Amino acid sequence: MTRISKLLLTILSFLMMLYVLLVISFSQGLETIHSDNFHHKITSIDVSDVVNANAGWEALLFLEGDIVKSELHYFAVLERTDLHLNVVRVKDVFSEMMMFSNMPLLLMVLLAYAIPFYIKSRIARKNNASLDFINNETDKLLASFNIQLPPSKQPNTLSQISIALNELNKHVKAQNIQTQLSIYQDKLTGLIDRHAYLEHLEKQLQRAEEAGTRQALLFIDLDGFKQVNDSFGHSFGDEILIQVAHRLQTVVRNNQLSRVSESFELELNLSRLGGDEFSIFIENIPDNLRAVEVSKNVLQEIERDFVLGNKVIKIGASIGIATFPDSASNPNTLLQMADVAMYRAKTDGRGIFRVYSPEMGSKIRRFHYLLEEMRLAIASQSFTLSFQPIVNVDDCSIDYFESLVRWNHPIEGPISPVEFIPIAEDSNLILELGNWILFEACRQMSAWYNAGMNKVRMSVNISGVQLKHVPIYDWVMDTLTKTGLPPNALLLEITESCLFHASNKIIEDLENLRKQGVLIAIDDFGTGFSSLSTLANLPVDIIKIDKLFIDQATINPKYEKILNSISDLGKTLNLKVVAEGVEVASQFELVKNLGIHCVQGYLISRPESSYDVGSNVIKKNLNHIALTGTGVCTPSK
Ligand code: C2E
Ligand code: MG
Ligand code: MG
């Protein structure tokens, strides 16, 4: 019911009440008019002067009684004769009756109508006060959020409050998004972080399970990013990461892989997991080909030049692909398996992708297991060194000992350096381990040197990671000083590939070490495909031909020719040539005939502990050592 119809109804009912009251009052008045109180109001009028009012509209008003009208007044007839009427004025009847008998009733009626109005106005006033209060509070809220409202045309509090609430609502929504962003967004690249990505994967995998669909996850790790960071600084590296994120966003869009969050409007299928690791999630793949396609696309994008200021940078990426439900059934494991596959891509040469297979998992578990065990072994000094003599082919006199690290694991038994050195290099544990190796080898050689082996050197294998991270000249000279070993009793073995990629600073350091008397050998020569022209410019004294060539030479004439040309190369460049891995007499004879100077191999001696070297080589040769400054190690029969 509208307000107007309500008002009309109230007025109508009020008028009806009034009418009923009047009618009742009048009939009561007529009954009591005969009392003495009204005698003075009774008059007599001629019948000819009056008009009968009982038939007109007045009859409605005066339901009972005999009413006449004379001139302008109405009269109630008390007595009728033929000529006269005894009458009393209607007005008097009303006024007397209202005054004395119906006044309280009238008042009650009035009150009955007034009270609701009063209550209503009280409520309205109260409401207004509440509205004012709410208005004030919303004003305060607006001020605290620093929200300026446009000037309002209607100062009406309700509409103002509604506008303010609207604004506050918008603001709170925006704040909500901001909070979610600050929790889930990676600050540098603006992509979602690992936490939000895992939450998203959880939902997606659940849906995929219900729908029975296949999904794929790409684990992308940049190749060469660390070098960029090391060479150009972290802000430069940050800029590269931002550009990588943009390129990956393009890949996601172009391949229609996008899924944007409704609440905070971020791409959910692309994440920066941390450092230089990114991940892309591919929904509903019919087969692995789709993931392979996207991976190729990612590699192409990352391999494009990065331009920063006036610098052009080249990096790459290694990608691991894991699929749901084949590789794993939950987000964490899926990510882990893709990581395992990525690691395989790295070890298989970088710049490529690999699809996870269970066989990869056991390798990575072994990797982490050995890494942890190695940490403990370093802390408890559980590594030892063994020493293998390298002898001159002519007289089998010892030219030098190669120190080789040994790890006898309490449960696993001896673990080969072929297995644990790459892990130590990967984790930089080689820095700590290598430090100990150099010190221990120099300390041992210093003792043997002082025992008379002053024409023999000790060789120590130096890893590429050490060359990169340790100031090689200072480190070696410092160790020599600490152990008391003269520089001309030391030899450093560096693999061919490390030496060819060494920076100018490293080459300079090696040159300076040579000036001090330290010799440098290229280890595993022949496996690094180095060019001869660069070899001529490197600071080396010795070439160690890899065992592979020695193995092949006795059965394959081509390899014999290669051995021959390496031997010639040594002569041309005035380098000493050593054959590694000589196991049988025929190999010994062959290398001797090719003019190779020295041999190392089981035929002469296996790597031995310092104790065994002391009792088998030194004690048996004391006189010879005293005369020549070196021992002899003849081939075993
Ligand atoms: P490498 O520097 O080329 O060392 C020579 C390897 O050939 C040694 O293996 C040695 O035991 C083995 N060897 C020598 N003669 C023969 C032979 O006649 N037949 C066979 N089958 N093998 C022979 P080892 O000790 O297992 O070391 C393997 C590799 O591990 C080394 O190759 C070197 O790259 C690395 N390594 C060993 N010790 C150290 C170390 O102290 N520091 C560093 N950075 N790397 C090391
Ligand atoms: Mg070596
Ligand atoms: Mg070698």
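Here is a short chat about how some labels in this predicted model are earned.

Me: Why is Q204 called buried?
Reply: Buried means under 20% relative accessible area. Q204 sits at 5% relative accessibility, so it counts as buried. You'll find Q204 in helix α5, residues 194–211.

Me: What makes Q204 and R207 a polar contact?
Reply: The cut-off is a pair of N or O atoms within 3.5 Å. The side chains of Q204 and R207 are joined at 3.0 Å, so the pair passes that distance limit.

Me: Which residues does Q204 contact, leaving aside its neighbours within four places in sequence?
Reply: Those are R259, F281 and E283. Contact here means heavy atoms within 4.5 Å.

Me: How do you know what span to expect for α5?
Reply: Take 1.5 Å times one less than the number of residues. α5 has 18 residues, and the expected value is 26 Å. From first C-alpha to last, α5 reaches 25 Å, which is close to that. After α5 comes G212, with a positive phi near 70°.

Me: Which residues of α5 are buried, and what do they pack against?
Reply: Among the buried ones are Y197, L201, Q204 and A208. The buried residues of α5 pack against several elements, including α4 (157–184), β6 (215–223) and β8 (277–282).

Me: What makes β7 and β12 edge strands?
Reply: Each pairs on one side only. The sheet is open, with five strands in the order β7-β8-β6-β11-β12 and mixed pairing.

Me: How do you know that β6 and β8 pair?
Reply: Two strands need at least two bridges to pair. Six bridges join β6 to β8, and the two run antiparallel, so they pass. A216 stands opposite I282 in β8.

Me: What makes D523, D524 and E580 donors of the magnesium ion (ligand 3)?
Reply: A donor must be an N, O or S atom within 2.8 Å of the metal. The protein donors lie 2.0 to 2.7 Å from the magnesium ion (ligand 3), so they fit. E580 is listed twice, each time as OE. D524 is in strand β18 (519–525) and E580 in the loop between β20 and α20, so the pair ties together parts 56 residues apart in sequence.

Me: Why is D524 called partly exposed, while E580 is called buried?
Reply: Partly exposed is the band between the 20% and 50% cut-offs. D524 has 25%, so it lands there. E580 has 10%, so it is buried.

Note on methods. Residues numbered from 1 in each chain as written. Chains lettered and ligands numbered in written order. Predicted model: local features only at pLDDT ≥ 70, side-chain atom pairs only at ≥ 80, totals over all residues. Heavy atoms only, no water. Helix = DSSP H or I, 4+ residues; strand = E, 2+ residues; numbered from the N terminus. Buried < 20%, exposed > 50% of the residue type's maximum accessible area, 1.4 Å probe, protein only. Polar contact = N/O pair within 3.5 Å; in protein donor to acceptor, adjacent residues only side chain to side chain. Donors = N, O, S within 2.8 Å, 3.2 Å for Na, K, Ca; no water.
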